[in-house]
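Reader: I like to see how a label follows from a number. Could you walk me through a few of them for this protein?

Author: Gladly; have a look at the model, and then we can start.

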Amino acid sequence: KYDATGMGYIKNTSTIESDFDDAEIYKEMVEVEEDGNVFIKIPKFYIKKTVNGSVWEYYISKEKKDNDYYLPACFKEETTGKIYPYILVGKYNASLNGTKLESKSGKLAAIGYNINQFRTYATNNGSGYQLLDIHTVDVLQTLFYVEYATLNSSNVMRGFDSGVSTQNYA
């Protein structure tokens, strides 16, 4: 029932070693390239969340074990009901190449556009491309919570949190 019990991670200077690297679902997350863009392929899985007072528990499973598990909407085509075996999530911050968003290393993040413009730039890549939505964020957060057993990501890996970036975004 609690396959993650006893699993953990070791935080090194610039890397993290995790027991989850070889665990179901996590070991299936791989980097893929499509049309020059780099994505992380995340296999379909189900989520269950329980709350007992101030204690939250998160469960993930390749199968729907009971009716409390749900399939995140990002794994399902809204209009046809088709179930996707995986989703692709951009590895890098979205950058703009002409009229298309891309996920490529070394590019500056696209900024200064409204949500409708960003949607158009995403869909200009072709069928199936879209912006990161709340359902995909739910998937990413749940995977994090299960692996690191905390809601506080800054305690695990600090991002840029010390001030204003000196990069030139012009």
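Author: A residue counts as buried under 20% relative accessible area, as exposed over 50%, and as partly exposed in between. Keep in mind that this is a predicted model.

Reader: Thanks! Then what makes K107 partly exposed?

Author: K107 has a relative accessibility of 45%. The band for partly exposed lies between 20% and 50%, so K107 belongs there.

Reader: And how do you know whether E102 is buried or exposed?

Author: The relative accessibility of E102 is 7%. Buried means under 20%, so E102 is buried.

Reader: Why is the pair E102 and K107 called a salt bridge?

Author: The closest N and O atoms of E102 and K107 are 3.5 Å apart. The rule asks for a side-chain nitrogen of Lys or Arg within 4 Å of a carboxyl oxygen of Asp or Glu, so this pair qualifies. E102 and K107 also belong to a network of salt bridges together with K104.

Reader: How many salt bridges does that rule give?

Author: The count is six. One of them joins E28 and K62, with the closest N and O atoms at 2.8 Å.

Reader: What makes you say that E28 and K62 tie parts of the chain together?

Author: E28 sits in the loop between strand 2 (16-18) and strand 3 (30-34), while K62 is in the loop between strand 6 (55-61) and strand 7 (86-90). These parts are 34 residues apart in sequence, so the pair ties them together. As for accessibility, E28 is at 29% and K62 at 22%. Both values fall between 20% and 50%, so E28 and K62 are each partly exposed.

Reader: Why is K49 with D138 also called a salt bridge?

Author: Here the closest N and O atoms are 2.6 Å apart, and the cut-off is 4 Å, so K49 and D138 pass. The two residues come from distant parts of the chain: K49 from strand 5 (residues 46-52) and D138 from helix 2 (residues 134-148), 89 residues apart.

Reader: Which of the classes do K49 and D138 fall into?

Author: K49, at 33% relative accessibility, is partly exposed. D138, at 15%, is buried, because the limit for that class is under 20%.

Reader: Let's turn to the backbone. What makes the phi of D35 worth a remark?

Author: D35 has a positive phi of about 55° and is not a glycine. Most residues other than glycine have a negative phi. D35 lies in the loop between strand 3 and strand 4 (37-43). With 62% relative accessibility, D35 is exposed, because that class begins over 50%.

Reader: And what about the phi of A149?

Author: A149 is not a glycine either, and its phi is positive at about 50°. A149 is found in the loop between helix 2 and helix 3 (153-156). Its relative accessible area of 71% makes A149 exposed.

Reader: How do you know that S61 is buried?

Author: S61, in strand 6, has a relative accessibility of 4%. The limit is under 20%, so S61 is buried.

Reader: What does the side chain of S61 reach?

Author: The side chain of S61 comes to 2.7 Å from the backbone oxygen of E63. Leaving aside residues up to four places away in sequence, S61 touches I25, F45, Y46 and Y69.

Reader: Now the pockets. What is the volume of the largest pocket, and which residues are closest to its centre?

Author: The largest pocket has a volume of about 1600 Å³. It is lined by 43 residues, and I87, L88, V89, Q130 and T136 are the closest to its centre. Helix 2 gives the largest share of this lining, with eight residues. By class, the lining has 24 nonpolar, eleven polar and eight charged residues.

Reader: And what is known of the second largest pocket?

Author: The second largest pocket has a volume of about 860 Å³. Of its 29 lining residues, D3, A4, Y58, Y59 and V146 are the closest to the centre. The largest share of the lining, six residues, is from strand 6. By class, this lining has 16 nonpolar, three polar and ten charged residues.

Terms used. Residues numbered from 1 in each chain as written. Predicted model: local features only at pLDDT ≥ 70, side-chain atom pairs only at ≥ 80, totals over all residues. Heavy atoms only, no water. Helix = DSSP H or I, 4+ residues; strand = E, 2+ residues; numbered from the N terminus. Buried < 20%, exposed > 50% of the residue type's maximum accessible area, 1.4 Å probe, protein only. 1 Å grid on protein atoms, 1.4 Å probe; cavity = no way out; pocket = protein on both sides within 12 Å on 5 of 7 lines; lining within 4 Å. Points joined across faces, edges and corners; volume = space filled by probe spheres on them. Nonpolar A, V, L, I, M, F, W, Y, C, P; charged D, E, K, R; others polar. Polar contact = N/O pair within 3.5 Å; in protein donor to acceptor, adjacent residues only side chain to side chain. Contact = heavy atoms within 4.5 Å.
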